[in-house]
Structure formats: structure tokens, C-alpha cells
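Here's a quick walk through the packing in this one. Have the sequence and the 3D view open as you read.

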Amino acid sequence: MRSVPTWALVSSGCAPVFLIMGWLVAASLQGHPYDPAAQTISVLAAPGNSGSWVMTAAFIALGFCHLLTAWGLRPAATPGRLALAAGGVAALVVAVVPAPSSGGSLSHGSVAAVGFAVLAAWPVLAARAGTSVPWALRPFPSLGATAVMAIGAVWFLVELHLHGVAGVAERAVTTLQSVWPFVVVLSCLRGSPRDGRPS
């Protein structure tokens with residue numbers, strides 16, 4: 001089993017930090033009219049909003065983190081690495097094609113949907129069988145992660161349609177999607193000494 005470079009722990013660990021700090025700071029700059037429980041994080045990056053530059057920078061940082069992690073996650077199956085990289089590209093495109101300050105956007109919504117889909121699918125696509133495989137890349141944990149992310153994405157869509165707590169649902173899903181690569185990298189690094197491979 002090929003080893004994971006230690007810098008992948010930094011790129012994967014920074015992803016949720018950039019995302020969460022981005023929406024917290026952007027929301028504080030936006031102020032009272034913004035409702036984090038009901039409104040999406042994409043609204044924070046809308047042109048003209050006070051914190052748009054912060055949220056846009058967070059999306060860009062998140063995208064590069066996913067790309068770097070996908071590059072370094074060598075024990076994962078290639079389809080999963082490509083899906084994680086595609087999620088990184090989607091985050092970059094979301095930054096380039098922001099949501100409008102009011103109303104919807106087909107282009108932004110399409111990119112965001114693709115990002116949700118590939119980031120939900122990457123764990124199961126990255127899975128490998130075998131006793132030497134790190135636990136987070138084994139079929140059962142990978143399938144479980146994909147299932148939870150998929151359920152979360154459905155919850156978000158339902159809340160968005162019902163004008164409910166879409167912001168809460170989106171934050172829950174995106175947090176899980178940004179944390180899981182870190183969990184996978186950590187499991188790979190913890191497993192590498194037992195494999196007897198140099199890092």
C-alpha cells in the first residue's frame with residue numbers, strides 16, 4: 001500500500017477550518033439581515049455583500065485543499081481521488097460563479113449540485129478491499145460516509161424546497177464533506193508504520 005505524504009494531513013485538515021471560519025467571519029461581516037439557519041453559505045459570497053470576499057476566499061482555499069489532498073491520497077482508488085479533485089474544482093468554480101444576492105442562479109446551482117454529488121460519492125469510489133487497507137478506505141466505512149453525506153444532501157434539498165433550515169442542513173453536510181478527507185488521511189498515516197513502508 002503506497003504511503004501518504006505528511007503534507008496531505010495539512011491540506012485535508014485546513015479544508016474544514018477554511019470553510020467554517022469563512023462562513024463565520026463572512027456572516028459576522030454581513031450582520032443582522034443574514035439568517036444562517038435559513039440561508040445558504042453561497043449567499044455570503046454574493047456580489048455586494050459585506051463578507052463576500054471572505055466567503056469567496058474560503059471557497060478558493062477549500063478547492064485547493066481538496067485538490068492537494070486528492071493528489072497526495074495515493075492509497076485511495078483512482079476514481080475516488082478523481083472525484084475528490086472534482087469536488088475541489090467545483091469549489092473553485094463556485095467562487096468564480098457566485099450566487100446572486102437575491103433569487104436563484106442555474107449556473108451556480110448546477111455547479112453546487114455537482115460539487116455535492118462528487119464529494120458525497122468520493123468515499124465509496126476511493127474504497128479498496130484488503131486487510132492492509134487503512135480503515136477509512138475500507139468498503140464499509142466508505143459506504144457509510146457516502147450514505148450519510150447523501151442523506152444530508154437530500155435533507156438540504158428538502159429544507160431548501162420547504163424554505164426551512166436550509167442553512168443548518170448545508171452546514172452539516174459541507175462540514176462532513178470537508179472533514180472526511182482529513183479522517184481518511186489520518187487513517188492512512190496511522191496505518192503506514194504497520195505496513196512497514198517508508199513515508
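## Aromatic pairs

This is a predicted model, and three aromatic pairs turn up in it. One of them joins W135 and W180, whose rings meet edge-to-face, with 6.3 Å from centre to centre and 85° between the planes. The edge-to-face label applies because planes over 60 degrees apart count that way.

Where do the two partners sit? W135 is in the loop between α4 (106-126) and α5 (139-162), while W180 belongs to helix α6 (residues 166-195). They are 45 residues apart, so the pair ties together distant parts of the chain.

Are these two tryptophans buried or partly exposed? W135 has 45% relative accessibility, so it counts as partly exposed. W180 comes in at 11%, so that one counts as buried.

Another tryptophan, W23, has a charged neighbour: R171 lies over the face of its ring, 5.3 Å from the ring centre.

## Two nonpolar cores

In soluble globular proteins, nonpolar side chains tend to end up buried together. Here the largest nonpolar core has 22 residues, and V4, L73, W122, L137, W180 and V184 are the ones with the most contacts inside it. Two or more residues each come from α3 (78-96), α4, α5 and α6. Which helix gives the most? That's α6, with five residues.

W180 is worth a click in the viewer. Setting aside residues up to four places away in sequence, W180 touches W122, P123, W135, A136, P141, A145 and M149. Apart from this core lies another one, of 21 residues, including A26, Y34, C65 and A95.

## Helix α3

The length of α3 checks out: at 1.5 Å a residue, its 19 residues should span 27 Å, and the end C-alpha atoms are indeed 27 Å apart, so the two values agree.

Plenty of α3 is tucked away, too. Its buried residues are G80, R81, A83, L84, A85, G87, G88, A90, A91, L92, V94 and A95.

## Around T56

T56 sits in helix α2 (residues 52-72). Which residues is T56 in contact with, leaving aside neighbours within four places in sequence? They are A45 and A95, and A95 is also a member of the 21-residue core.

Closer to home in the sequence, a polar atom of the T56 side chain lies 2.8 Å from the backbone oxygen of S52. Further along the chain, P98 is 42 residues from T56, yet their C-alpha atoms are separated by 8.2 Å.

Methods: Residues are numbered from 1 along each chain as its sequence is written. This is a predicted model: local features need pLDDT of at least 70, side-chain atom pairs count only at pLDDT 80 or more; totals for chains, interfaces and linings use all residues. Side-chain values use heavy atoms; hydrogens and water are left out. Rings of Phe, Tyr and Trp (its six-membered ring) pair if their centres lie within 6.5 Å; planes under 30 degrees apart count as stacked, over 60 as edge-to-face and the rest as tilted. Helices (H or I, at least four residues) and strands (E, at least two) are DSSP runs, numbered from the N terminus. Buried means under 20% relative accessible area, exposed over 50%, partly exposed in between (1.4 Å probe, protein chains only). A charge sits over a ring if NZ of Lys or CZ of Arg is within 6 Å of the ring centre and within 35 degrees of the ring normal. A nonpolar core is a set of buried Ala, Val, Leu, Ile, Met, Phe, Trp, Tyr and Cys residues joined through side-chain atoms within 4.5 Å. Contact means heavy atoms within 4.5 Å. The expected span of a helix is 1.5 Å times one less than its number of residues. A polar contact is a pair of N or O atoms within 3.5 Å; within protein, one must be able to donate a hydrogen and the other to accept it, and residues adjacent in sequence count only if both atoms are side-chain atoms.
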